[in-house]
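Let's take a walk through this protein together. Keep the 3D view open so that you can turn it as you read.

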Amino acid sequence: MNNKLRKKLHKIIAAAVLFVAAMFLGQWSYVQAAMFVTAYLLTGAEIIAKAWRGMKSAQIFDENFLMAVATFGAWGLGEYSEAVAVMLFFQIGEFFQSYAVNKSRASIASLMNIRPDYARIRRGTKWQEVSPEEAKVGDIILIRPGEKIPLDAVVVKGTSTINTSALTGEAMPSDVSVGSEIISGCVNISGLLEAKVSSPYGESTVAKILNLVENASSRKAVMENFITRFARYYTPVVVLAAAVLAFLPPLIWPEERLVDWGYRAMTFLVISCPCALVISIPLSFFGGLGAASKNGVLVKGSNYLEALSMAKYVAFDKTGTLTEGVFHVEKIVPQKWLDSSKLLEYAAYGEAYSHHPIGESIRKAYAKELDLTRLDQAEEVAGLGLKVKLDGQDILIGNDKFMRQNGITAEINESFGTAVLVAVDGKYAGYLLIADKLKTGVTEAIKMLRACGVDKMVMLSGDRPAEVARIAKQAGVDEAYGALLPADKVAKVEELKTSVTGSGRLLFVGDGVNDAPVLALADVGVAMGGIGSDAAIEAADVVIMNDDLRKLPQAMMIARKTIVIARENIVFALGVKLLVLGLGAFGLASIWAAVFADVGVSVIAILNAMRASSCRHDARGAIG
């Protein structure tokens, strides 16, 4: 909780204590009056100040003005406790709404953690750390293992493996050597690299992504607060009606007393106070936010909860969202003279010293402890494969190019994944197919989304089109697009947004830094929080904390139930309010009716709003 909210909470608590203490005093006294006045000023001074500023700027008729006028009316009628209670309840509602948003939404500025801190540039015979903005095209930079690549460049010395997942969203690292292009924002995994800068920082890949995030954020429309919109029309109408009620009858009928009609007008204003709406609507959404949190989904504001309830299109990233983003041995295909277990053993020992994710996946599939004494030697050929001697046998493990260089021919017919080929003593032994796989519950989540009324589901990925098509078919999405860079994803999401009809909304679900621009651009950006990058989580409007995609349709159903409760409160509060306003205008409603129309309706609306916090979603799609 930030300092501003903390101070507001302290004021509310102090005012509430004074209000309750004053009510217990019972008989009127100067002490009680002082308590009421102090409590009112603690909660109402800010509202009155806002109303005054609104009057000076010619934006008079908002909820602050109405709250000020209504509570002044209560003071004028001698209903001091009512004046304090109305302002106190108003501030509680405002606090809940502010807390819900500020608690969960951090600044977009935290996305800047993908920006490299420095570039290590060669100056003469020494390396100097400078800001990436200071680097020029043609400068030689040094990137050590584990460091971010600060600028787009071309490798001039060294070999390594690059983790590109931050920008492409793909878990498969890429091998680089002299002449390879490397892009900023990626991470150097293994080797020491020297590279020549090919573009200034302002035109680098990471700078462009940050720019995309900022522009996408500026295009996201923030839903205007309902009470503010409502008060624009409601406030001037009731204020004008109260003025007419106070002065018109005595002008028409001279025998009528101005004081009597003035009393009715003040009662009318007290009745007109939209306290029930001011409290119950934010509480309804706050309850819905809490219910979603209990179900493992963090929604960063009531406007996103409402948008979530209207989702008609959903676009997904692939790796880490629909798939696990971790490599597995999908298939073992040995030659006829060798069995699968022996081929896996050869491959595991061949990758014994490898830190590459593919090697780790093979060792994990082998699931036995490696006896490294069986290995006589191991040699890595950058970007191609490895040579080892196991129990006196020469083992080659690598790609097709590596096999051809060693005079070995292999036939592979696979439309997806990465084939790791194995040869023993110069003879082709078979291959292991390494691939990502669909996450648990994805197909069920897709079915649940369709049951929730989602009309179209699309997958957007930077992976190969064939692999994207395979995963899309398994998941059951309607369309799939592969080989997309971050800017391509932004263009595709913009295209999808224009095709959503009516009041429908577009959701995008992703998990990587490369997804941050589209997460910010979509009507609702949903991040996979458990494994998602910090940038994606900060840019998103909704975060699925345990990475279970089935939580998304659950959150959508909770959002819809919350909207229903909020609408019930609006209809109930306005219905009773208008009825009692009519009675008050004819002198048929006493101050007690005014209290019911204000405080009583508020209590009932609050109790109804509390139902939102108990919303829960079961596996069958029912709301309880």
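In what order do the three strands of the open sheet with β5, β6 and β8 lie? The order is β6-β5-β8, and the pairing is antiparallel. At the edges you will find β6, residues 174-176, and β8, residues 187-188, each of which pairs on one side only. Strand β5 covers residues 160-163 and is joined to β6 by three bridges. To find your place in this pairing, look for Ser 160, which stands opposite Val 176 in β6. Please bear in mind as you look around that this is a predicted model.

Now zoom out to the chain as a whole. Its secondary structure comes to 20 helices and 22 strands. The protein chain has 624 residues, and 51% of them are buried. What about the contacts that link different parts of the sequence? Counting contacts between residues at least 6 apart in sequence, 65% join residues at least 24 apart. On the outside, the chain exposes about 27900 Å², with carbon and sulfur atoms supplying 58% of that area.

One of the helices makes a good stop on the way inward. Helix α11 spans residues 340-350, and eight of its 11 residues are buried, so the helix is largely enclosed by the rest of the structure. The buried residues are Leu 343, Leu 344, Glu 345, Tyr 346, Ala 347, Ala 348, Tyr 349 and Gly 350. If you select them in the viewer, you can trace this buried part of α11 from Leu 343 to Gly 350.

Next, a word on cysteines. How many disulfides does a search of the whole structure find? The search finds zero. Two cysteines are worth a look for their surroundings: Cys 186 is buried, with a relative accessible area of 0%, and Cys 452 is also buried, with a value of 7%. Both count as buried because their relative accessible areas fall under 20%.

Finally, let's look for empty space inside. Rolling a probe the size of a water molecule over the atoms shows where such space is left. The structure holds three cavities of 30 Å³ or more, and the largest has a volume of about 60 Å³. Which residues line the largest cavity? They are Lys 8, Lys 11, Ile 12, Leu 42, Thr 43, Glu 46 and Gln 91. Helices α1 (3-25) and α2 (30-56) each supply at least two residues of this lining.

Key: Residues are numbered from 1 along each chain as its sequence is written. This is a predicted model: local features need pLDDT of at least 70, side-chain atom pairs count only at pLDDT 80 or more; totals for chains, interfaces and linings use all residues. Side-chain values use heavy atoms; hydrogens and water are left out. Two strands pair if DSSP finds at least two bridges between them. Helices (H or I, at least four residues) and strands (E, at least two) are DSSP runs, numbered from the N terminus. Buried means under 20% relative accessible area, exposed over 50%, partly exposed in between (1.4 Å probe, protein chains only). Contact means heavy atoms within 4.5 Å. Accessible areas come from the Shrake-Rupley method with a 1.4 Å probe; for residues, only the protein chains shown count as cover. A disulfide is a pair of cysteine sulfur atoms within 2.5 Å. On a 1 Å grid over the protein atoms alone, a cavity is a set of points where a 1.4 Å probe fits but cannot get out, and a pocket is an open set with protein on both sides within 12 Å along at least five of seven lines; lining residues have an atom within 4 Å of a point. Grid points are joined across faces, edges and corners, and a volume is the space filled by probe spheres set on the points.
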